[in-house]
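I opened this entry to look up how one pair of helices packs, and then to follow one residue nearby in my notes. The overall figures come last.

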Amino acid sequence: MAEQGAEKVPAARIEALSPAKRALLDSLARRRKSATSGDPTASAGGPVRLRSGAADSGEPIVLVHPIGGGVFCYAELSGLIPGDREVIGLAADRFLRQAAPPSVEELADHYLGLLRDRGVDRPAVLAGWSFGGVVAYEMARRHTTPAGTPAQDGGVPVVLIDSAPWPRQTGAWSRATMLEMFVEDLLGSGGVTVDRVPVEPAVWQLPVPDALAAAARQLTARGLDLGLPHADMTDRYTVFAHATAAMQRHRPRPRSGPLTLLHAEHSQAYPDTWTALARDIAPTVLRVPGDHFSVLRPPTVHRVAEALGQAAGVPDSPAPRSPAPASGPATTPPQHRSTR
């Protein structure tokens with residue numbers, strides 16, 4: 001098995017991965033091995049180099065993890081972004097695994113601090129898929145110069161990849177719903193789309209470890225493999241639940257600065273809220289093919305890469321295509337439940 005951020009990938013699945021994804025798996029495995037061997041400079045989370053950059057290419061493009069905490073979902077995207085900037089992924093670390101879930105604001109400040117510790121004072125672009133976009137937006141809103149004053153250049157460009165805040169009219173999920181949505185998300189991230197998770201409803205009433213184990217057994221019996229050892233699944237559930245709680249409490253505030261919104265045509269993560277919050281600069285809204293989970297897979301991932309190159313100011317980067325108006329407000333929780 002190989003590591004996938006905080007989880008492991010069965011050998012059979014590794015054989016089907018692209019070279020870029022295999023290379024990232026190897027890198028993440030080395031990081032986790034160093035962290036568990038007591039190396040104080042290593043961490044299983046935090047900044048992860050997804051692509052090396054040229055020496056004179058400027059500040060990196062930063063991609064914030066989706067709701068499950070991993071950055072493996074960005075392996076293909078990072079290699080397609082035009083130009084030669086470094087690409088850094090921000091994976092969930094201990095901050096999102098503490099006993100009480102942090103707020104989105106606290107998470108944004110924490111990640112900005114990790115970037116500063118790495119010598120990144122002003123990312124070329126802050127971007128994120130799903131929940132990662134919510135955090136990236138707040139990071140850009142809270143970003144200051146090294147002197148601690150607000151930036152005067154219009155702010156860090158932000159690219160939100162099929163991302164939406166939690167709908168105000170939707171309350172917090174019950175624990176049973178949280179468990180079901182977590183498993184649904186694992187299936188969706190693995191390319192399996194279901195109207196409802198094929199697990200007996202009574203399973204979601206069990207204690208979390210027992211529910212996850214029972215769900216995995218029932219899905220395996222139906223030919224659906226979640227691909228995670230039980231201990232890793234429980235850890236990822238903690239990250240998922242804490243990130244969901246943070247998003248449910250969060251209310252984004254207006255900001256100035258360049259903003260690009262990519263909306264998958266078959267997703268409920270509508271861009272209306274973000275367009276209403278934009279100040280001074282009208283956001284670029286792009287409708288792209290596919291659904292919430294396919295937006296980072298070919299062919300749509302190429303469109304996402306183009307938008308990131310444009311936002312980073314890469315010379316001769318293809319211009320974003322097919323601007324489209326927002327599709328209308330979401331009436332149910334948007335599909336931010338992406339974990340990989």
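**Helix pair**

I listed the contact first: Val 208, Pro 209, Leu 212, Ala 213 and Ala 216 of helix 7 meet His 230, Met 233, Thr 234 and Tyr 237 of helix 8. By class, the residues of this contact are seven nonpolar and two polar, with no charged ones. I note that the model is predicted.

Next I looked up the geometry. Helix 7 covers residues 208-221 and helix 8 covers residues 230-249. The two pack at an angle of about 120°, and their axes are 10 Å apart. Helix 7 is therefore oblique to helix 8, as the angle lies outside the 65 to 115 range for roughly perpendicular and is not over 145, the cut-off for roughly antiparallel. I recorded the crossing of helix 7 and helix 8 as right-handed.

**Thr 238**

I then turned to Thr 238, which is found in helix 8. Is Thr 238 buried, partly exposed or exposed? Its relative accessibility is 27%, so I put it down as partly exposed. Leaving out residues up to four places away in sequence, I found Thr 238 touching Leu 96 and Arg 97. I also checked Thr 238 against Phe 182: the C-alpha atoms are 10.0 Å apart, with the two positions 56 residues apart in sequence numbering.

**Whole protein**

I closed with the totals. The protein has ten helices and eleven strands. Of its 340 residues, 55% are buried. Among contacts with a separation of 6 or more, 76% join residues 24 or more positions apart. The exposed area is about 14,100 Å², of which carbon and sulfur atoms supply 52%.

Key
Residues numbered from 1 in each chain as written. Predicted model: local features only at pLDDT ≥ 70, side-chain atom pairs only at ≥ 80, totals over all residues. Heavy atoms only, no water. Axes fitted to C-alpha atoms, helices over the stretch in contact; angles between N-to-C directions. Helix = DSSP H or I, 4+ residues; strand = E, 2+ residues; numbered from the N terminus. Parallel < 35°, antiparallel > 145°, perpendicular 65-115°, else oblique. Left-handed = near helix turned anticlockwise from the far one by under 90°. Contact = heavy atoms within 4.5 Å. Nonpolar A, V, L, I, M, F, W, Y, C, P; charged D, E, K, R; others polar. Buried < 20%, exposed > 50% of the residue type's maximum accessible area, 1.4 Å probe, protein only. Areas by Shrake-Rupley, 256 points an atom, 1.4 Å probe, with all protein chains shown as cover.
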